Amino acid sequence: MTKVMSVNAGSSSLKFQLFEMPEEKVICSGIVERIGLEMGAFSIKHNDHKKEVQQPITDHGVAVDLLLKALVAEKVVTRLDEIDAVGHRIVQGGPYFADSAIVDEDVERKVEELAELAPLHNPAHLIGYRAFKKALPGVKHVFTFDTAFHQTMDPERYLYPLPYEYYTDYKVRKYGAHGTSHKYVSEQVIERLGNPKHSKVIVCHLGNGASLSAVEDGKCIDTSMGFTPLAGVMMGGRCGSVDPSIMPYLCKKLNKTPDELLDIYNHESGMKGVSGISSDSRDIENALFNKDGKATKEQMERAALTCELYTRIVSKYIGEYYVELGGCDAIAFTAGVGEHAAYLRKMIIDKCSKAFNVFLDDQLNDAHGNSEGLISSSSSKIACYVIPTDEEVVIARDTVRLLEL
């Protein structure tokens with residue numbers, strides 16, 4: 001039996017699963033959420049027992065330490081050296097990686113070099129990797145890159161209309177992100193469609209970070225994130241794509257540097273910036289429906305505006321990819337928002353209904369608030385699914401494959 005730890009670090013979260021391979025049996029799983037916020041949350045599930053802890057979690061290093069201590073305390077393992085290998089999700093592989101890679105000094109250096117392209121993620125990934133490396137000396141590691149799945153894009157989709165030498169000399173192009181999730185979810189959807197030879201699928205990975213992809217016959221032809229994970233749709237704290245000239249304008253008005261504005265674009269914008277409430281969609285939902293009875297009229301109005309803006313932007317990308325694909329067989333929702341926020345799924349699809357004859361079954365949509373299933377109505381011309389993503393199993397598979405375990 002080989003034990004592989006699969007680590008999926010997001011900008012404000014760290015999901016993990018310990019697998020028994022090659023059976024792909026999950027020994028334990030869990031998540032560290034709200035990293036860097038005022039109060040973090042940690043949960044671990046093992047043998048149908050779930051432990052939950054709430055405490056401040058300042059960074060990904062603290063999250064890894066909390067996880068490793070819990071593995072022993074909860075008797076998931078007797079000793080940490082029982083773990084044979086660790087696979088890590090890495091957002092940005094740039095032009096260097098079209099597949100996962102066994103980690104060595106060169107791979108680590110390239111991931112660090114590419115931190116400029118994924119400032120919220122690659123540094124966090126490396127903190128997590130180094131914390132695991134220190135705690136598990138002698139264990140081999142594999143990096144699985146979110147950009148790898150998007151390497152099938154054609155030049156007319158990954159190039160920007162800038163001077164061509166910016167691409168040839170500085171590698172400025174669209175790279176995308178969330179590729180591990182888009183790969184897994186699109187494969188699951190194609191299987192549910194009966195594994196047709198030809199398929200057209202739009203994947204909506206909607207979490208604190210969010211991206212969409214157009215997948216034709218199992219290959220990505222376009223995706224919403226760009227040179228960095230800041231581009232594309234509006235997100236939890238990220239603005240997504242906005243007019244580039246806004247930056248120099250605000251730099252002058254606010255007397256801030258481009259780096260200071262970029263920090264605002266990454267951390268203080270998106271749902272957080274528009275709502276004035278939070279970057280977490282659950283907090284927006286609480287205010288929208290005044291679930292705790294404490295939301296003010298202004299908070300409820302700002303929450304409603306946030307949801308309208310968010311779903312409008314996502315629906316526009318669905319329309320764009322429908323055109324690029326020349327139609328669509330299925331739309332899949334995944335990740336934290338996509339899997340759990342039924343009301344946002346409905347708002348998104350309602351905005352597409354007139355153009356594409358796609359409709360949700362309200363009962364099915366509500367029933368699959370946090371579980372897998374078909375949510376479109378029988379009259380819909382496009383099948384709609386909720387597919388919980390499983391990036392961790394993809395990471396574990398690649399780890400076993402490359403290390404020949």
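**Surface, salt bridges and domains in a predicted model**

Mentor: Tyr160 counts as partly exposed, its relative accessibility being 31%. Please bear in mind that this is a predicted model.

Trainee: Why is Tyr160 classed as partly exposed?

Mentor: The class lies between two limits: buried means under 20% relative accessible area and exposed means over 50%. Tyr160 has 31% and is therefore partly exposed. The residue sits in the loop between helix H4 (155–158) and helix H5 (164–170).

Trainee: Which residues form a nonpolar patch on the surface with Tyr160?

Mentor: A residue needs over 30% relative accessible area to enter a patch. Here the patch consists of Tyr160, Leu162, Tyr166 and Tyr170, and together they have about 430 Å² of accessible area.

Trainee: How many salt bridges does the structure hold, and how should one of them be read?

Mentor: The criterion is a side-chain nitrogen of Lys or Arg within 4 Å of a carboxyl oxygen of Asp or Glu. The structure holds 30 such salt bridges. In one of them, Arg34 pairs with Asp283, with the closest N and O atoms 3.6 Å apart. This pair links distant parts of the chain, 249 residues apart: Arg34 is in the loop between strand S3 (25–33) and strand S4 (40–46), and Asp283 is in helix H10 (residues 281–288).

Trainee: Are Arg34 and Asp283 buried or partly exposed?

Mentor: Arg34 is partly exposed at 25% relative accessible area, and Asp283 is partly exposed at 22%.

Trainee: Where do Asp99 and Arg401 lie in the chain?

Mentor: The side chains of Asp99 and Arg401 meet in a salt bridge with an N to O distance of 3.0 Å. Asp99 lies in the loop between strand S6 (85–90) and strand S7 (101–102) and Arg401 in helix H15 (residues 391–403), so the pair ties together parts 302 residues apart in sequence. Asp99 has a relative accessible area of 35%, and Arg401 has 42%.

Trainee: Which residues do salt bridges with shared partners join into one network?

Mentor: Consider first a single pair: Lys291 forms a salt bridge with Glu285, at 3.0 Å between the closest N and O atoms. Lys291 is exposed, at 52% relative accessible area. Shared partners join Glu33, Arg34, Asp280, Arg282 and Asp283 into one network.

Trainee: What area is buried between domain 1 and domain 2?

Mentor: The protein is divided into domain 1 (2–145) and domain 2 (196–386). Their C-alpha centres lie 26 Å apart, and 12 residues of domain 1 are in contact with 10 residues of domain 2. The buried area is about 850 Å², 50% of it from carbon and sulfur atoms. In domain 1, Arg34, Leu117 and Leu120 lose the most area to domain 2, together 53% of what that side buries. Three salt bridges are counted between the two domains.

Conventions
Residues numbered from 1 in each chain as written. Predicted model: local features only at pLDDT ≥ 70, side-chain atom pairs only at ≥ 80, totals over all residues. Heavy atoms only, no water. Patch = residues over 30% accessible without salt bridge, like charges linked within 9 Å, V, L, I, M, F, W, Y side chains within 5 Å. Areas by Shrake-Rupley, 256 points an atom, 1.4 Å probe, with all protein chains shown as cover. Helix = DSSP H or I, 4+ residues; strand = E, 2+ residues; numbered from the N terminus. Buried < 20%, exposed > 50% of the residue type's maximum accessible area, 1.4 Å probe, protein only. Domains from an automatic or database assignment. Contact = heavy atoms within 4.5 Å. Buried area = accessible area lost by both parts, 1.4 Å probe.
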